[in-house]
Amino acid sequence: MSFTRVLTLLLLLACAAAPAAAQTALPLWPSGAPGALGTAPEDVPTLTPYLPPAGKANGTAVVVFPGGGYAHLATDHEGTKVAEWLNSLGVAAFVVKYRLGPKYHHPVMLHDGQRAVRTVRARAREWGVNPDRIGVIGFSAGGHMASSVGTHFDAGNTSATDPVERVSSRPDFMMLIYPVITMQDAYTHAGSKQNLLGDKPDPDLVWLMSNELQVTPRTPPTFLVHATTDPVVPVENSLLFYKALHEAGVPVEMHLYETGPHGFGLAQGFPKLASWPALAADWMRGRGLLGS
């Protein structure tokens, strides 16, 4: 095992022993989210910053989308623990609580994801972040959120009165871990599809939110991880996205494990899968995202 991978595994253990200091969850829309159906916690999407120590921070930020089939959020092992791992690399992390089905459907979730990236970019100076080094990471249905943000983005509205809405929602890179990608019946995760699009979605909407069909040369560079035997989200989701990215000329790296479950997070307790955080760190380092 390389020194880099040993160091990353040691940092993961340190994260488990010493949680990162989290700021208070911030509402993505302080005056109320568009399309909100109430004011209960599930109606208020939030962003929780986890900032590394100033002497360790390298200026890179990652917006974190936990999974949960668009029905709940795995905010511990796919949210807080991921933020702590990123902090150990000197990366600022921002965990998103986005709105969920069946109460909400598309495009509400996409709007929450886009707003999260815009918020980090608009407040980059405040948080010590380089506005050109803001990525996303998503797990399972959170991977669909992350890949949606990475394939459905805009440059911002320069005439908007809200300064957050003036900046781009495009992430600079993506890390997708056992992601839901497609809404096509052959390989989708049925629960995610139903919660996101409803019981009988229009075929055009199914096409639109099948993110392997929305890749262009401007889609951000991507890192993919999946277990071939994933019993919940078929590995074909990552395979389809890899193929689309490769054919579009987008830099992409994919790691497939021969066996493994779904929902393994940072893979603590799964020795055969535990190399992926180190591989992701190597990928980020190779892209100049972790400093010298």
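## Exercises on a predicted protein model

Pro 107 sits in the loop that runs between β4 and α3. That loop is a good place to start, and please keep in mind as you work that the model is a predicted one.

### Exercise 1: Two peptide bonds

Task: Find out which form, cis or trans, the peptide bond between His 106 and Pro 107 takes.

Solution:
- Step 1. Look up omega for the bond that joins His 106 and Pro 107: the angle is about 10°.
- Step 2. Name the form: this bond is cis.
- Step 3. Now move to Pro 102, which is also placed in the loop between β4 (92-97) and α3. The bond leading from Gly 101 to Pro 102 has omega near 0°, and this bond is cis.
- Step 4. Set this against the general pattern: most peptide bonds are trans.

### Exercise 2: Positive phi angles

Task: Work out where Tyr 70 lies, and whether Tyr 70 is buried or exposed.

Solution:
- Step 1. Place the residue: Tyr 70 belongs to the loop between β3 and α2.
- Step 2. Check its backbone: phi of Tyr 70 is positive, near 60°, and the residue is not a glycine.
- Step 3. Use the cut-off, which is under 20% relative accessible area for a buried residue. Tyr 70 has 1% relative accessibility, so Tyr 70 counts as buried.
- Step 4. Repeat for Ser 140, found in the loop between β5 (134-139) and α5 (141-151). Its phi is positive too, about 60°. With a relative accessible area of 7%, Ser 140 is buried.
- Step 5. Recall the general pattern: most residues other than glycine have a negative phi.

### Exercise 3: A histidine in a loop

Task: Decide how His 72 should be classed by its relative accessibility.

Solution:
- Step 1. Find His 72 in the loop between β3 (61-65) and α2 (76-88).
- Step 2. Recall that partly exposed covers the range between the buried limit of 20% and the exposed limit of 50%. His 72 has a value of 49%, so His 72 counts as partly exposed.
- Step 3. List its contacts, leaving out neighbours within four places in sequence: His 72 touches Gly 67 and Leu 100.
- Step 4. Compare sequence with space: His 72 and Pro 163 are 91 residues apart along the chain, and their C-alpha atoms are 30 Å apart.

### Exercise 4: From strand β8 to helix α9

Task: Find which residues Tyr 257 contacts beyond its neighbours within four places in sequence.

Solution:
- Step 1. Locate Tyr 257 in strand β8 (residues 252-257).
- Step 2. Check its cover: Tyr 257 has a relative accessible area of 11% and is therefore buried.
- Step 3. Read off the contacts: they are Val 225, His 226, Ala 227, Thr 228, Lys 272, Leu 273, Ser 275, Trp 276 and Leu 279.
- Step 4. Follow the chain to helix α9 (residues 276-286), where 8 of the 11 residues are buried. Among them are Trp 276 and Leu 279, two residues that Tyr 257 contacts.
- Step 5. Go past the end of the helix: α9 is followed by Gly 288, with a positive phi near 75°.

### Exercise 5: The nonpolar cores

Task: State how many residues the largest nonpolar core has, and which of them have the most contacts inside it.

Solution:
- Step 1. Count the core: it has 46 residues.
- Step 2. Pick out the best-connected ones: Val 63, Phe 65, Tyr 98, Val 120 and Val 129 have the most contacts inside this core.
- Step 3. Ask which element gives most to this core: helix α3 (residues 108-122) supplies the largest share, 6 residues.
- Step 4. Zoom in on Val 63. Beyond four places in sequence, its contacts include Phe 94, Val 96, Val 117 and Val 120.
- Step 5. Look for a separate core: another one has 33 residues, including Val 95, Ile 137, Phe 173 and Phe 264.

### Exercise 6: The whole protein

Task: Explain why the radius of gyration agrees with that of a compact globule.

Solution:
- Step 1. For 292 residues, a compact globule would have a radius near 19 Å; the protein has 18 Å, so the two agree.
- Step 2. Add the dimensions: the C-alpha trace spans about 50 × 45 × 35 Å along its principal axes.
- Step 3. Add the cover: 53% of the 292 residues count as buried.
- Step 4. Finish with the secondary structure, which comes to 9 helices and 8 strands.

Methods:
Residues are numbered from 1 along each chain as its sequence is written. This is a predicted model: local features need pLDDT of at least 70, side-chain atom pairs count only at pLDDT 80 or more; totals for chains, interfaces and linings use all residues. Side-chain values use heavy atoms; hydrogens and water are left out. A nonpolar core is a set of buried Ala, Val, Leu, Ile, Met, Phe, Trp, Tyr and Cys residues joined through side-chain atoms within 4.5 Å. Buried means under 20% relative accessible area, exposed over 50%, partly exposed in between (1.4 Å probe, protein chains only). Helices (H or I, at least four residues) and strands (E, at least two) are DSSP runs, numbered from the N terminus. Contact means heavy atoms within 4.5 Å. The radius of gyration is taken over C-alpha atoms; the globule rule is 2.2 Å times the number of residues to the power 0.38.
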